[in-house]
Amino acid sequence: MNKLISSILQILLFAAIPLIWWAVSSRRQTSFWNWIGLKRIGEAKGKGLYVWMGAVIVGFLLLSLLILPLVSGSDTAASEFNGLGIAALPAALVYAFFNTALPEEIIFRGFLLKRCSAKLGFPIGNAIQSLLFGLMHGVMFFAITGALTALLIIIFTGAIGWFMGMINEKKANGSILPSWLIHGIANTFSALMAMFLIF
């Protein structure tokens, strides 16, 4: 229950700036949900959507097997599940999809990518949001793991953020649902590794 309450508060916090921006700039043109991309995918652009999603998920999971050992023993977002086994699965799923993935997708792919792309074009907008996404995940590890590991985390998460932005905007008609699913699965994988002390 605490994880659910924490998730709701985190979603509200991460959605506050986009909500204010929308209210000032776009509320007469479209709904907030459509504006940030929290909408049905609709007619997917080409048959490649699910192939791209699957490839990014598999790529993330394989690269995680290389990255997770580098942060083993560090305090990560999934550390609260260390050694708890299958009993922690409900809390881990709430953490994975609602406490981290949804708020981050709202701010990075729903807000930053869409606003930057509108002003600077998609390639630059996607590069900006993915760089900021990578920095957010890597900077906290500089003091703990050293610069090289932190740089690898920035590159790794930034690349995943870039692909998620591309999938949303180029394959899913601007919906953030694909990246939310990818992100949630990735976070679930990290939580499972912690739950069963695999790394």
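**Entry 1. His183**

I began with the neighbours of His183: leaving aside residues within four places in sequence, I found it in contact with Ala101, Glu104, Glu105, Arg109, Phe133 and Met164. I note here that the model is a predicted one. I then looked up where His183 sits, and found it in helix H8, which covers residues 177-195. One of the neighbours, Glu105, also has a polar contact with His183, side chain to side chain, at 2.6 Å. Is His183 buried or exposed? I read a relative accessible area of 5% for His183; the limit for buried is under 20%, so His183 counts as buried.

**Entry 2. The chain as a whole**

I next turned to the overall make-up of the protein chain. How many helices and strands does the protein chain have? I recorded eight helices and zero strands. In sequence order the pattern reads α-α-α-α-α-α-α-α.

For the dimensions, I noted that the C-alpha trace spans about 50 × 35 × 35 Å along its principal axes. I compared the radius of gyration with that of a compact globule: for 199 residues the expected value is near 16 Å, and the 17 Å of the protein chain agrees with it.

I also looked up the contacts between residues at least 6 apart in sequence, and found that 77% of them join residues at least 24 apart.

**Entry 3. Surface and charge**

I recorded that 47% of the 199 residues of the protein chain count as buried. The accessible surface comes to about 10200 Å², and carbon and sulfur atoms hold 73% of it. On charge, I listed 13 positive and 6 negative charges for the protein chain, with their mean positions 14 Å apart.

**Entry 4. Thr100**

I moved to helix H4, residues 89-120, where Thr100 is found. Which residues does Thr100 touch beyond those up to four places away in sequence? I found Tyr95 and Asn187. I noted too that a polar atom of the Thr100 side chain lies 3.4 Å from the backbone oxygen of Ala96. The relative accessible area of Thr100 is 9%, and therefore I entered Thr100 as buried.

**Entry 5. Pro178**

I returned to helix H8 for Pro178. Its relative accessibility is 1%, so I entered Pro178 as buried. Not counting residues up to four places away in sequence, I found that Pro178 touches Ile41, Leu49, Met53, Ile167, Asn168 and Ala172. I also took a distance to Arg27: Pro178 and Arg27 are 151 residues apart in sequence, and their C-alpha atoms are 24 Å apart in space.

**Entry 6. Two positive phi values**

I then looked at backbone angles. Most residues other than glycine have a negative phi. I found a positive value at Asn173, where phi is near 55°. Where does Asn173 lie? I placed Asn173 in the loop between helix H7 (147-171) and H8. At 27% relative accessibility, Asn173 counts as partly exposed.

Leu197 has a positive phi as well, near 50°, and is likewise a residue other than glycine. I located Leu197 in the segment after H8. Is Leu197 buried or exposed? I read 54% relative accessibility for Leu197; exposed begins over 50%, so Leu197 counts as exposed.

**Entry 7. Helix H8 in review**

I close with helix H8, to which several entries led. Both His183 and Pro178 are found in H8. I entered His183 as buried at 5% and Pro178 as buried at 1%. Asn173 lies in the loop between H7 and H8, and Leu197 lies in the segment after H8.

Terms used: Residues are numbered from 1 along each chain as its sequence is written. This is a predicted model: local features need pLDDT of at least 70, side-chain atom pairs count only at pLDDT 80 or more; totals for chains, interfaces and linings use all residues. Side-chain values use heavy atoms; hydrogens and water are left out. Helices (H or I, at least four residues) and strands (E, at least two) are DSSP runs, numbered from the N terminus. Buried means under 20% relative accessible area, exposed over 50%, partly exposed in between (1.4 Å probe, protein chains only). A polar contact is a pair of N or O atoms within 3.5 Å; within protein, one must be able to donate a hydrogen and the other to accept it, and residues adjacent in sequence count only if both atoms are side-chain atoms. Contact means heavy atoms within 4.5 Å. The radius of gyration is taken over C-alpha atoms; the globule rule is 2.2 Å times the number of residues to the power 0.38. Accessible areas come from the Shrake-Rupley method with a 1.4 Å probe; for residues, only the protein chains shown count as cover. Lys and Arg count as positive and Asp and Glu as negative; His and the chain ends are not counted. The place of a charge is taken as NZ of Lys, CZ of Arg, CG of Asp or CD of Glu.
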